[in-house]
Amino acid sequence: MADDLVLPFAVEALDLRGRVVRLGSSIDSILTGHDYPVVVSDLLGQAVALASLLGSALKFEGRFQVQARTDGAVSMLVVDYEAPDRVRGYAHFDRALLQPGMTPADALGRGQLGLTIDQGSNLSRYQGIVALDGQGLEEAAQQYFRQSEQIPTRVRLATGCVSLAASSNGADVMWRAGGLLAQFMPTSPERQRRADLHPGDAPEGVSIFDQIDDESWVEARALVETIEDHELIDPTLSSEALLYRLFHENGVRVFDEEPVRAQCRCSRDRILSMLKGFSPQQRTEMMADDGMIGVTCDFCSKRYVIAPHDIEALSSPEGVQSV
């Protein structure tokens, strides 16, 4: 079974466009590299699947970032998708706040979810913010499209460990993640027209128009909501087979698959450039007893040990680079 791929699809009879992602070794390497508690791994796996669904749609070599800051057990969640195919992610959490039976939505808590498109240093960034109020990443993503893009959207995300006879790393089990994004995108002006949002402060007695969803979107949404978590992470069920299960009565069309791979952007040169941006006093405070500066990448957990004279050897801090 081919993993670590995004498969775009269309159901023309329903004016539906979407993407399916299935992550195997890529998400397994990200999650096992950190040894997170299960609920944290579950949440990060969903975020990586979401970033892959959205980031793989970029038509330029930019970056798509999913970032959450909350008051929950998982206080920070960051996933970078660098087009066309590289993804990395990490989570910060407070083990003392984790409770038995806690769901990913519980662990996320309340805060903000940011979805950012970075087109490069010479172009402006675009960021959409969604309030997190106890809902999970699926609902937050749907809320983003409803408010920011005004595109009827359904998102399904899942993460889990599956038993394998022989996994790529020799383990008996491995992490998997999957997701599906479906959007109602009609072409006719009549079907594209949307009713105004509820004003919220209308005077008492004023009748508010209730928008009736398009029948095609009602059908498509109902079909997407039948997807079970195990179907998104089943290593024996291909994305094509999953789409056929859902939409075979209407006819579903798939397009070229797009690869996804776990790869961090950190390097020794980037670390040196970052440290060059600190003052000599700040760098002195970072030194260990042996006079070296240790830096661990949050994304991939790689440890760099830097000698102060290597930092000073840089000719100039030509723009501090993020790790």
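Biologist: Hello! How much space lies in the second largest pocket?

Modeller: Happy to start there, and please keep in mind that this is a predicted model. The second largest pocket is lined by 22 residues. The space in this second largest pocket comes to about 410 Å³.

Biologist: Which residues lie nearest the centre of the second largest pocket?

Modeller: Let us start with the elements around it. Strand 1, strand 2 (16-23), helix 2, helix 4 and strand 9 each give two or more residues to the lining of the second largest pocket. Of the 22 lining residues, those nearest the centre are L54, A57, F145, L181 and Q183.

Biologist: Now to S56. Is S56 buried or exposed?

Modeller: S56 sits in the loop between helix 2 and strand 3 (63-70). Its relative accessible area is 9%, and buried means under 20%. Therefore S56 counts as buried.

Biologist: With which side chain does the side chain of S56 make a polar contact?

Modeller: Leaving out residues up to four places away in sequence, S56 touches V6, R19, A51, Y81 and E258. The S56 side chain also reaches the backbone oxygen of L53 at 3.4 Å. The side-chain partner in the polar contact, at 3.2 Å, is R19.

Biologist: Let us turn to charged pairs. How many salt bridges does the count come to?

Modeller: One of them joins D3 and R176, with the closest N and O atoms 2.6 Å apart. Others share partners, and in this way R63, D80 and R88 are joined into one network. The count of salt bridges comes to 16.

Biologist: How many residues apart are D3 and R176?

Modeller: D3 and R176 form a salt bridge. D3 lies in the segment before strand 1 (5-11), while R176 belongs to strand 9 (residues 173-184). The pair therefore links distant parts of the chain, and the separation is 173 residues.

Biologist: Which residue counts as buried at 2% relative accessibility?

Modeller: Look again at the salt bridge between D3 and R176. D3 has 24% relative accessibility, so D3 counts as partly exposed. The residue at 2%, which counts as buried, is R176.

Biologist: Which parts does the pair of E138 and R156 tie together?

Modeller: E138 and R156 form a salt bridge whose closest N and O atoms are 2.4 Å apart. E138 is partly exposed at 22% relative accessibility, whereas R156 is buried at 11%. Because of where the two residues lie, the pair ties together helix 4 (residues 137-149) and strand 8 (residues 153-163).

Biologist: And where in the chain do E312 and R283 lie?

Modeller: The side chains of E312 and R283 meet in a salt bridge, 2.4 Å from N to O. E312 is partly exposed at 46% relative accessibility, and R283 is buried at 6%. E312 lies in helix 11 (residues 308-312) and R283 in helix 10 (residues 280-286).

Biologist: Finally, the nonpolar cores. Which element gives the most to the largest nonpolar core?

Modeller: In soluble globular proteins, nonpolar side chains tend to be buried together. The largest nonpolar core here has 64 residues, and L23, L44, V48, L77, V79, L113 and L137 have the most contacts inside it. With eleven residues, the element giving the most to this core is helix 2 (residues 38-55).

Biologist: How many residues does the other core have?

Modeller: This core lies apart from the largest one, and L16, V20, M174 and L232 are among its residues. Its number of residues is 24.

Terms used: Residues numbered from 1 in each chain as written. Predicted model: local features only at pLDDT ≥ 70, side-chain atom pairs only at ≥ 80, totals over all residues. Heavy atoms only, no water. Salt bridge = Lys/Arg side-chain N within 4 Å of Asp/Glu carboxyl O. Helix = DSSP H or I, 4+ residues; strand = E, 2+ residues; numbered from the N terminus. Buried < 20%, exposed > 50% of the residue type's maximum accessible area, 1.4 Å probe, protein only. Core = buried A, V, L, I, M, F, W, Y, C linked by side-chain atoms within 4.5 Å. Polar contact = N/O pair within 3.5 Å; in protein donor to acceptor, adjacent residues only side chain to side chain. Contact = heavy atoms within 4.5 Å. 1 Å grid on protein atoms, 1.4 Å probe; cavity = no way out; pocket = protein on both sides within 12 Å on 5 of 7 lines; lining within 4 Å. Points joined across faces, edges and corners; volume = space filled by probe spheres on them.
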